[in-house]
Amino acid sequence: MKKIVCIILLITSLKVVSQNPVTINVQSADISAGDTLIVEHVNLFNYYGVDRTFLFVADEDGKATINETAESFSRLRLKIRNNDMLFYADAGQTINIKVTDPADMKYVTPTGGFYDDPDYYDYLSNHNTLICNKNKAFDKFQYFAKIGDNDSVQRYYTIYNSIDLKEDSKREQEFMKRTDNQVSVYMFANELGMDYVEKKIFEKQWEKIDDEIKASGAGQYFRLIMENRKGLRPKARAKEFSLTDTKGNNIDLKSLEGRYVILYYWGICGYVIQSWSDMVNLHEKYGDILTTIALSEESTFNQVSSFNRYNAEAVLLPLKNLIRDDWSNVLTNQDNQQIKEDYIMMATPCVVLISPKGRIIKHGYANVLRVAKNRLWLYSFFHRR
């Protein structure tokens, strides 16, 4: 009898999936016969986007063997009850996952497949240990701060600060430079895709990548990011988009010709909190020549919408200023997902300034707002005399 019964739960993508299997061997004392395990195929571009989801039912206690299908280079998320972990796999690989403590499942380093590469395994296992210890120290710090145990607060604050991630970051950078491993090629594209768009670091790296890796799923993802970067350089023709905002209105780039356009992709982060007022000021001062499109994940939009001065997240109340009736609010899910890929919106805030002629002026982070301020002032000055 098969160890796992596979039931298709939901298909959220029309992508054609190869029928080559990936075998996932899971060991965990947290698994009981009859438990449901979930495998999500996470979108390569969007950490929160799920292309499709499968359910599996364990036949015995303590372990499960999942026979899944996967495309060339997949990012998968395994969920066991309330715990989950993210890992990479390729068609034909066997991945082994051993979970000792379910609470630490997200820090587990698998074996097999891509993880058989000693350099990658050593880097990742060391990284996971560091992050796990640092996060636990921070959680303890917060807990004892709430109950007023100052001695313990100082103790865990010291532990937290003693865990230096500089060497870990250096090892990650070295691994990302490798051109003979799908994971390193994917990480290079995903980590640096939005940075230095005007520099040709991707084209130079592409020339070094092994032909076999170029043809792989990770290689094609790298190519996609590289091509999209070219279209985001100054003076490039901005890629057409058609969006539906939260009021049901359709917004397309062609109809906005003659106006400046700012795409402001935001989330709950410190850089957004620092820059939101600049974005609002530009909109209020130059609204007659500027169209502002604020993009966010649906979960973020809903969470910020519910903020109030009485809840625990009141410190984030200023973000409610980004949900306005006098500009377009767009949720980057379902029909609006493509714009994130086309404009490489990987981090928040991602800001894109487009000219009245539909050309890219600047793509980047909050620094683009300074460019927008100068451009809009000059345009306004010379066209209102």
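**Entry 1. Cysteines**

I began with Cys132, which counts as buried because its relative accessibility is 9%. I then turned to Cys269, which also counts as buried, since its relative accessibility is 17%. I recorded at this point that the structure is a predicted model.

Which cysteine sulfur is closest to that of Cys269? I found that it belongs to Cys350, at 12 Å, and that this is too far for a bond. A disulfide would require the two sulfur atoms to lie within 2.5 Å. For the structure as a whole I noted a count of zero disulfides.

**Entry 2. Confidence**

I looked up the confidence before going further. The chain has an average pLDDT of 89, and 93% of the residues reach at least 70. Residues 1–18 stand under 50 throughout. For that stretch I noted 45 contacts in the model beyond four places in sequence.

**Entry 3. The five-stranded sheet**

Cys350 led me to strand E14, which spans residues 350–354. I placed E14 in an open sheet of five strands, with the order E13-E12-E11-E14-E15 and mixed pairing. Strand E13 (328–331) and E15 are at the edges; each has a single partner strand, so one side of each lacks a neighbour in the sheet. From one strand to the next I noted an average twist of 15°.

How many of the residues of E14 are buried? I counted five of five, and the strand is mostly covered. In a regular strand, side chains alternate between the two faces of the sheet. I therefore looked at each side of E14 in turn: Cys350, Val352 and Ile354 are buried on one, and Val351 and Leu353 are buried on the other, so both faces are covered.

I next followed the partners of E14. Strand E11 (residues 260–265) pairs with E14 in the antiparallel sense, over five bridges. In this pair I found Val261 opposite Ile354. On the E15 side, four bridges join E14 to strand E15 (residues 360–364), again antiparallel. Here Ile354 stands opposite Ile360. I recorded that E14 and E15 form a hairpin with five residues between the strands, where Gly358 takes a positive phi near 80°.

What is the sense of the pairing between E11 and strand E12? I found it to be parallel, with six bridges between E11 and E12 (residues 290–296). Ile262 stands opposite Thr292 in E12. I also looked for a helix against these two strands: helix H8 (residues 270–286) lies across E11 and E12 and runs at about 155° to E11.

**Entry 4. The three-stranded sheet**

I moved to an open sheet of three strands, ordered E5-E2-E8, with mixed pairing. Its edge strands are E5 (63–69) and E8 (94–99), and each of them pairs on one side only. Neighbouring strands of this sheet are turned by 15° against each other on average, with direction ignored.

Strand E2 (residues 21–28) is joined to E5 by seven bridges, and the two run antiparallel. I noted Ile24 of this pairing, which stands opposite Ile66 in E5.

Is Ser28, a residue of strand E2, buried or exposed? I recorded it as buried because its relative accessibility is 5%. A polar atom of the Ser28 side chain lies 3.1 Å from the backbone nitrogen of Asp30. Beyond its neighbours within four places in sequence, Ser28 is in contact with Gly62, Lys63 and Val99.

**Entry 5. Two loop residues**

I closed with two residues in loops between helices. Ser216 lies between helix H6 (211–214) and helix H7 (217–230). I listed Ser216 as buried, since its relative accessibility is 8%. What does Ser216 touch, leaving out residues up to four places away in sequence? I found Ser72 and Gln182. With Gln182 there is a polar contact of 3.3 Å between the side chains.

Lys200 is in the loop between helix H4 (182–192) and helix H5 (201–208). I listed Lys200 as exposed because its relative accessibility is 53%, whereas Ser216 counts as buried. Finally, I noted that Lys200 and Arg229 are 29 residues apart in sequence, with their C-alpha atoms 9.1 Å apart in space.

Definitions and conventions:
Residues are numbered from 1 along each chain as its sequence is written. Side-chain values use heavy atoms; hydrogens and water are left out. Two strands pair if DSSP finds at least two bridges between them. Axes are lines fitted to C-alpha atoms, for helices over the stretch in contact, and angles run from 0 to 180 degrees between N-to-C directions. pLDDT is the predictor's confidence in each residue, from 0 to 100. Contact means heavy atoms within 4.5 Å. Buried means under 20% relative accessible area, exposed over 50%, partly exposed in between (1.4 Å probe, protein chains only). A polar contact is a pair of N or O atoms within 3.5 Å; within protein, one must be able to donate a hydrogen and the other to accept it, and residues adjacent in sequence count only if both atoms are side-chain atoms.
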